[in-house]
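Visitor: Please take one helix of this model and look at it closely. Then work outwards from there to the rest of the structure.

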Amino acid sequence: MRFRRKRDLLDKRRTIWEKMFFILLFLVLFVWAAIVVYMLLWAFMCSLKTNLEYVNEPLTLPVQLHFENFKIALDKLSVNNIGFLGMLWHSLWQSVGPALISTTMALLVGYVFAQYQFPGKAFLFGVIVFTMLIPLYGSMAASYRLMFDLKLANSYLYLIKCVGGFGGGMLVPYGYFKAMPKEMREAVYVDGGSDDIAFWKVYFPLSRNIFIPLAMLTFIAEWNDFQNTLLYFDKMPNLALGLYYFQQEIQYVVNNPAYFAGTLIVMAPVVILFIFASDKIMGQLYSGGLKG
Amino acid sequence: MEKEKIENPKSIQRKRARAMGFYELKRRVSALFPKRKSRKKVINFHTKQKIFVWRVLAIPILNFLVFWVYANLDAITMAFRNIDMSTGMEYWTLGNFGKVLDLFTEGNMLLYGRNTLMFWLLSTVWAIPHSIMLTYGFHKKMAGRKVFRVLLYIPSIICSVALAGIFSSFISSNGAVGYILTNVFNVARVPAWFAEQEFALGGLLFYSFFFGFAGQYILYSGAMANISNEITEAAYMDGVTMWQEILYIDIPLMWPTLSMTIVTSFSGLFGASGPILIFTPNMEATWTFGYWIFDQVRRFQAYYLPATLGLCFTIIAFPIAMWVKNVTDKMFTTE
């Protein structure tokens, strides 16, 4: 066999066009990343300025650090007489609740589909795939009415909606549990354990590799969500909705540094979580798409 | 004759009890009052498993029936219903479809359609190929990949309201971009990008492009990571170029993931939208079909017309999505 050019994966020798591609890709990403990082640092810098400083010299460093902007932001973050602490609580329960409940349910359903044979399994699996394929555009109106009819809107009962797991969300746990040996379950039976013990004492602890990133991703999505809150929780607003109203207000009452302080306050929990758990999330996401 | 001493029967019982032990006594007493034999049902091992399975699935299926099946059936029937404003009673009608047609002939629906198509093209035609290139670059261990992959994920974790707010301030006349345009490039007037109609849609598209830069990259990186190194090495030994590798090895091997994103993007054809609610909620020139439905429900609690429009879109998009699925299923398959 005649090799035109022999090289292995680690070989860096490439054609000029390939090198150009990698250089171009690097430059594009570098410029993009520089703009994003600078933009975020600029927002942080502006949050410590006075409004006059911000308007006159938006690119310079603050002469004095005005941490009082954060206090103003905390006072301004208010919707329907619910202040910062109230919105923080709503953000917490509206994000931690669904993250824990829906992820656990998705794991349970995925486990059952992956490890057990039961009548109707193929049909139910087909239903799940069908729901993912069919485009439904008009269901928002019906869902909105249903939420208010069942009195789930503006209520802690909203968490009932999260007790699902029957849908596309169970596919990742399904793939994970499918790869796990059934012999572990059989060993539990031999030791006199039940199916509940098999799941909660054996499979569930072993599935923390997917539970943690899935729960974190749900938490982040719910923490940042303001659109659903706008629809269903106008009387129980979260911080994202508070920031949305603050942003609408800022068009009329100009105090940009306080607004930047507000954005940083809302961003902070998720960014801190990401800093500490990025390895966990990124590792799972990038090394095989949450396959565990 | 000495009278025989008669022992107290209670003390005899006590002595016996001490001698035989408490448990023996308890057994004898129990024997005096036999219990009815309990009819404890012995449950079959397989039945236990079935009970576990259905116990686990019962609530999720009930939840699905209420929040998916019922909600969608209600949405479908809403297309054939309307409300009599004078009596507040619902009635069955086909008139909603005529009203939807009127929206296209007299309203701004065609404009929303054009905007929807632009957002969809951005999220599909642009995002999918460039995500593949990005994934390929990272897969081949390009310089700075570890930093870039964390940074690419940041726009996804930051609250969209916060990110959009910072971005709009950053590019505004008072922000950094405005300052540079005015003082370095001597631009006389920096437009209010999201407040002026001629720039607003472009601004929304640019924002979606800029912060959707990672696109489907996260999904594809998992698929590309599963490609065996041996296959790529063998191809290198045969002298493939980078483009040949992408076209003839990587894309076919990650096709299940790729085809899934293509099918779902076609099924979401009429739902494509941008951050309109944050930037331009009052500028109809930037609206999309998806935003119009959202706005009708949120502001006016109008159910029937959005449900009718949604049903029409489902009727159009479902066959398209199925056709795309059939086509993609046949690609890169060996007999």
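Guide: Start with helix H9 of chain B, where Ala200(B), Leu201(B), Gly203(B), Leu204(B), Tyr207(B) and Ser208(B) are buried. A residue is called buried if 20 or more other C-beta atoms lie within 10 Å of its own, exposed if 12 or fewer, and partly exposed in between, with C-beta atoms placed from the backbone. Helices are DSSP runs of H or I of at least four residues, strands are runs of E of at least two, and both are numbered from the N terminus. This is a predicted model: local features need pLDDT of at least 70, side-chain atom pairs count only at pLDDT 80 or more, and totals for chains, interfaces and linings use all residues. Residues are numbered from 1 along each chain as its sequence is written, while chains are lettered from A and ligands numbered from 1 in the order in which they are written.

Seen down the axis of H9(B), the buried residues fall within an arc of 155 degrees (taken from the directions from the helix axis to the C-beta atoms), so they line one face of the helix. An α-helix has 3.6 residues a turn, so residues three or four places apart point the same way. H9(B) covers residues 197-211, and its 15 residues should span 21 Å at 1.5 Å a residue (1.5 Å times one less than the number of residues); the end C-alpha atoms are 22 Å apart, which agrees.

The buried residues of H9(B) pack against helix H5 (109-139), helix H7 (160-171) and helix H14 (276-279) of chain B. Contact here means C-beta atoms, placed from the backbone, within 7 Å.

Helix H7 of chain B holds Ala164(B), which counts as buried because it has 23 C-beta neighbours inside 10 Å. Leaving aside neighbours within four places in sequence, Ala164(B) is in contact with Pro275(B), Ile278(B) and Phe279(B). Pro275(B) is 111 residues from Ala164(B) along the chain, yet their C-alpha atoms are separated by 8.2 Å.

On a wider view, chain B is assigned domain 1 (47-78) and domain 2 (108-157 + 210-330), with bounds from an automatic or database domain assignment. Taken over C-alpha atoms, the centres of these two domains of chain B are separated by 30 Å.

Chain B also meets chain A, in a contact of 82 residues from chain B and 78 residues from chain A. Helix H3 (residues 45-78) of chain B supplies the largest share of the chain B side, 19 residues.

Chain A has 14 helices and zero strands. Its C-alpha trace spans about 75 × 70 × 40 Å along the principal axes, and 39% of its 292 residues count as buried. The assignment splits chain A into domain 1 (16-72) and domain 2 (73-286). Between these domains of chain A, 13 residues of domain 1 are in contact with 14 residues of domain 2. H3(A) gives the most to the domain 1 side, with four residues.

A last helix of chain A can be set beside H9(B). In helix H8 (residues 171-178) of chain A, the buried residues are Val172(A), Pro173(A), Tyr174(A), Tyr176(A) and Phe177(A). Their cover includes helix H4 (84-115), helix H10 (195-206) and helix H11 (208-224) of chain A.

How values were computed: Contact = placed C-beta atoms within 7 Å.
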